[in-house]
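Dear colleague,

Please find the structure below, handed over for your records. My notes on its pockets follow.

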Amino acid sequence: HCKAEAGAFARWLKMELVACPRITNEIFLDADNLESLDQLLSTVATDVQSLCVLGTKSIYLRPWCVGEITSAMSNGVRTSLLSLPGHARLGSMDIGEYQRIVPDIEALFGSGISLELVQ
């Protein structure tokens, strides 16, 4: 989730899921469970059974959000999108120009997330 756009909703959603008796697994909210950004992508890749992406206007413009999505999808983690008001998918033109649109994406390159994986 993009904290500025969906932080409160993410917190509410976690509280609702924790209260649901049918859900017995731990609910991971990166803001709660994250010890370091370096550990984030590894945690998503290896310790998460499914990832719910809170689709907001800026979700694809935030490098660490995109890193989480990419890490999950490239490691076979079941990923679903909850599209919130204002969410829009990137078009093919945007994807081709992604590094220009989101120059901070380079922060993920040292963590094994390449531009090709993101695209």
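Strand S1 (50-55) contributes the most to the lining of the largest pocket, namely five residues. This is a predicted model, in which local features need pLDDT of at least 70 and side-chain atom pairs count only at pLDDT 80 or more, while totals for chains, interfaces and linings use all residues. Residues are numbered from 1 along each chain as its sequence is written, and side-chain values use heavy atoms, with hydrogens and water left out.

A pocket here is an open set of points on a 1 Å grid over the protein atoms alone, where a 1.4 Å probe fits and protein lies on both sides within 12 Å along at least five of seven lines; lining residues have an atom within 4 Å of a point. The largest pocket has a volume (the space filled by probe spheres set on the points, which are joined across faces, edges and corners) of about 820 Å³. Its lining comprises 30 residues, with Ile27, Phe28, Val48, Ser50 and Cys52 nearest the centre. Elements giving two or more residues to this lining include helix H1 (3-19), helix H3 (37-47) and S1; helices (H or I, at least four residues) and strands (E, at least two) are DSSP runs, numbered from the N terminus.

The second largest pocket holds about 450 Å³ of space. It is lined by 17 residues, and Tyr60, Ile69, Met73, Arg89 and Val118 are the closest to its centre. H4, S2 and helix H7 (115-118) each give two or more residues to that lining, and H4 supplies the largest share, five residues.

With kind regards
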